[in-house]
Every structure is written in C-alpha cells, then in structure tokens.
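Biologist: Please take one part of this model and examine it closely, together with whatever surrounds it. I would also like the setting of that part in the whole chain, and an account of the confidence behind each statement.

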Amino acid sequence: MSTSSRSCFVVLALVCIYVVYLVLGALVFSALEKPLEEKVQAELNLLKQQLISNMSCINISTLEQLLEVLINANKYGVSLMQNSSENSNWDLASALFFSNTLVTTIGYGHTTPLSDVGKAFSIVYALFGVPFTMLVLTACVQRLMVPLNLRLVALWRRRFGWHPHTARTIHFVLLLLLVVVVFFLVPATVFSTIEDSWTFLEAFYFCFISLCTIGLGDFVPGEQPNQKLRPLYKISVMVYLFVGLMAMYFVLRSFHKLADVQGWTAFFHLPSCEDEVEEERENTPEEPNECETDTKPLEPSTRVSYNSISR
C-alpha cells in the first residue's frame with residue numbers, strides 16, 4: 001500500500017470511529033436524559049393543572065402568556081424570583097465575565113444581550129476578540145515551552161541518562177497530574193465550598209466543561225442571590241478560566257511533542273511540533289569548527305622562508 005493510500009485509509013478510519021463515537025454518545029445521553037425530561041414535563045403539567053383547579057377564576061390564556069414570557073426572560077438571565085435589591089447581570093464584574101466567556105469561546109449562555117445593538121456589538125467584539133485571545137494564549141504557551149518543557153526534559157536526560165521516549169513520557173504524565181490537581185481538583189473543592197448548591201462532582205464537572213470550552217451553561221458561578229463579594233468572585237473566576245485555558249493548551253503542545261518522539265505524528269501523517277529553540281541557541285556557545293581551527297593562517301614568525309632552504 002502506498003503512502004498516500006495509507007494516509008487516506010487512516011483518515012477514513014478515524015472519521016468512521018469518530019462518527020461511531022458520536023452515535024454511541026447520543027444513544028447513551030438519550031437513554032439517560034429522556035426519562036428525566038419526561039418526568040419534569042409531567043411535573044410541570046401537573047403543577048399547571050393544580051393551579052388551574054385551585055384558582056378557577058384565573059384566565060388560562062393569561063397563565064400561558066405569563067409562562068411564555070418567563071421562559072423567554074429566563075433565556076436572557078432574567079428571573080421573576082429576583083428583586084431589584086439583587087445584583088444586575090450587567091454590572092462591571094458580570095460584563096467582564098461575559099466578555100471573557102465570549103472571546104474564549106466558552107459561552108455559557110446564562111446571560112445574553114437583550115438589545116439589537118448589543119447583539120451587533122457582540123459579533124464585532126468576538127470577531128476581533130477570539131483570534132486575539134488565541135494569539136495571546138499561543139504566545140504565552142510558546143514562551144513556557146522552552147523552560148517548562150524543552151529545558152526540563154533535557155535536564156532530566158542529562159542528569160538521569162534517560163532515553164528521549166522515557167523522559168518525554170514521564171514529563172507528560174507528571175504535567176497531566178499537576179494540571180488535574182491544580183486546575184480541576186483544587187478549584188472543584190473551592191467551588192463546592194463557595195457555591196452552596198454545588199456538589200464536588202458538579203464543581204468538577206463545571207471545571208472540565210469550562211476548560212474544554214464546551215460551556216453548557218447549566219452551572220455558572222456567582223449566580224446565587226445576595227452572594228458576598230460577587231464582583232471579586234466573578235473576576236477571580238475569569239482569571240482562573242484564562243490561566244486554565246493556557247494550561248490546557250500547554251498540555252496539548254506537550255502531548256504533540258510526545259507524539260513526535262513516539263512516532264505517532266509520522267504514523268498518522270500529521271505535521272510535527274516545531275521546537276522553539278531560538279533561546280536555547282542564544283544561550284549555548286558555539287563550539288569552534290575543527291576544520292576552521294586547522295586552517296587558521298600561520299603567524300608571520302612561523303612561516304617557512306624560501307631563503308632557509310638549502311640549495
């Protein structure tokens with residue numbers, strides 16, 4: 001089988017596996033969530049019937065109109081249960097949080113622009129903000145690759161005499177464990193403590209969904225009524241999301257380096273990860289070339305004179 005045919009076969013196999021994976025996931029989600037959806041729908045219908053039976057003077061059309069308004073308002077983050085004494089969804093801290101989720105493509109969807117002008121501005125803002133965010137994340141990760149990846153692996157190889165495969169694998173495993181602890185387990189513990197209605201599993205679920213930029217929006221921090229230090233909490237979460245995304249991108253880059261060393265990128269005909277070694281080259285003195293050393297011109301005092309040759 002030629003190289004091009006093998007490449008096409010591998011890509012086709014990956015696409016087929018990916019489609020099967022999506023179908024299996026859809027079947028599992030349907031089996032798990034559809035009964036609960038039907039249960040919630042039945043409870044809502046029962047509550048509506050009880051309200052109508054207990055209040056015979058109520059107008060059914062008015063009730064349905066009220067429910068429709070409540071559902072539409074809930075999509076924009078406005079709830080009937082909130083009063084005017086609580087914080088707005090568009091104060092400075094909340095607006096910063098919304099902007100961060102917009103340009104990082106997390107997009108929880110718990111708060112959306114109400115006006116047409118706001119929607120138009122969101123388009124323009126994201127049009128420039130999303131690539132700029134990717135540029136900043138890429139620049140930060142590339143700067144971290146040299147001291148935390150290339151130099152660290154090279155140091156382990158010199159000190160312990162490890163093979164490149166072994167050094168890369170150990171580095172990636174330790175990095176993965178560190179990211180899981182620092183950006184998933186510890187924040188999940190903090191969120192489950194601050195958010196009274198969140199369990200540890202739900203907090204861990206929020207961290208994973210957020211840092212993978214899925215952003216389902218079923219769990220959003222800082223939305224409890226009368227929450228203390230809400231602006232500071234929102235800004236802290238915003239910083240956590242940005243640093244966490246940078247850590248996730250660093251893990252992906254490190255995995256790409258590991259795949260290069262292990263030969264996986266060559267097997268799947270993928271481009272290899274380019275090393276950022278300019279800084280290493282600047283800090284490493286160049287050794288003199290032996291050929292250049294041997295061909296240096298002799299000093300005038302050491303040159304052979306034809307006058308000294310015996311005739």
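Modeller: Accessible areas here are obtained by the Shrake-Rupley method with a 1.4 Å probe, and for residues only the protein chains shown count as cover. On that basis the protein exposes about 21,900 Å², of which carbon and sulfur atoms supply 66%. This is a predicted model, in which local features need pLDDT of at least 70 and side-chain atom pairs count only at pLDDT 80 or more, while totals for chains, interfaces and linings use all residues. Residues are numbered from 1 along each chain as its sequence is written, and side-chain values use heavy atoms, with hydrogens and water left out.

The protein has ten helices and zero strands, where helices (H or I, at least four residues) and strands (E, at least two) are DSSP runs numbered from the N terminus. Along the sequence the pattern is α-α-α-α-α-α-α-α-α-α. Buried residues make up 25% of the 311; buried means under 20% relative accessible area, exposed over 50%, and partly exposed in between, with a 1.4 Å probe and protein chains only. A contact requires heavy atoms within 4.5 Å. Of the contacts in the protein with a separation of 6 or more, 60% join residues 24 or more positions apart.

The part chosen is helix α6, residues 200–211. Confidence guides the choice: pLDDT is the predictor's confidence in each residue, from 0 to 100, and α6 has the highest mean among the elements of the protein, at 94. The lowest mean, 42, belongs to helix α10 (residues 290–294). Over residues 275–296 the pLDDT is below 50, and beyond near neighbours in sequence this stretch has 14 contacts in the model. For the protein, the mean is 77, and 73% of the residues reach 70 or more.

The geometry of α6 agrees with expectation, because its twelve residues should span 16 Å at 1.5 Å a residue and its end C-alpha atoms are 17 Å apart. The expected span is 1.5 Å times one less than the number of residues. Buried in α6 are Ala203, Phe206, Cys207, Ile209, Ser210 and Leu211. An α-helix has 3.6 residues a turn, so residues three or four places apart point the same way. The cover over the buried residues of α6 includes α5 (164–194) and α7 (230–262).

Immediately after α6, threonine 213 adopts a positive phi of about 55°, although threonine 213 is not a glycine. Threonine 213 belongs to the loop between α6 and α7, and its relative accessible area of 31% is why it counts as partly exposed. A second threonine invites a parallel reading. Threonine 105 has a positive phi of about 65° and is likewise not a glycine; this residue sits in the loop between α3 (92–103) and α4, and is partly exposed because its relative accessible area is 40%.

The two covering helices deserve attention in turn. Helix α7 has 33 residues and reaches 47 Å from its first C-alpha to its last, close to the 48 Å expected at 1.5 Å a residue. Just after α7, glycine 263 has a positive phi of about 85°.

In α5, leucine 175 has a relative accessible area of 13% and is therefore buried. Not counting residues up to four places away in sequence, leucine 175 touches Phe250, Val251 and Ser254. The C-alpha atoms of leucine 175 and leucine 148, 27 residues apart along the chain, are separated by 9.6 Å.

Phenylalanine 250 also relates to helix α4 (residues 116–160), where leucine 144 is found. Leaving aside neighbours within four places in sequence, leucine 144 is in contact with Asn149 and Phe250. The C-alpha atoms of leucine 144 and phenylalanine 250 lie 8.0 Å apart, across 106 residues of chain. Leucine 144 counts as partly exposed because its relative accessibility is 31%. Glutamine 142 is another residue of α4; its C-alpha atom is separated by 8.3 Å from that of phenylalanine 250, with their positions 108 residues apart along the chain. Glutamine 142 is partly exposed, since its relative accessible area is 29%.
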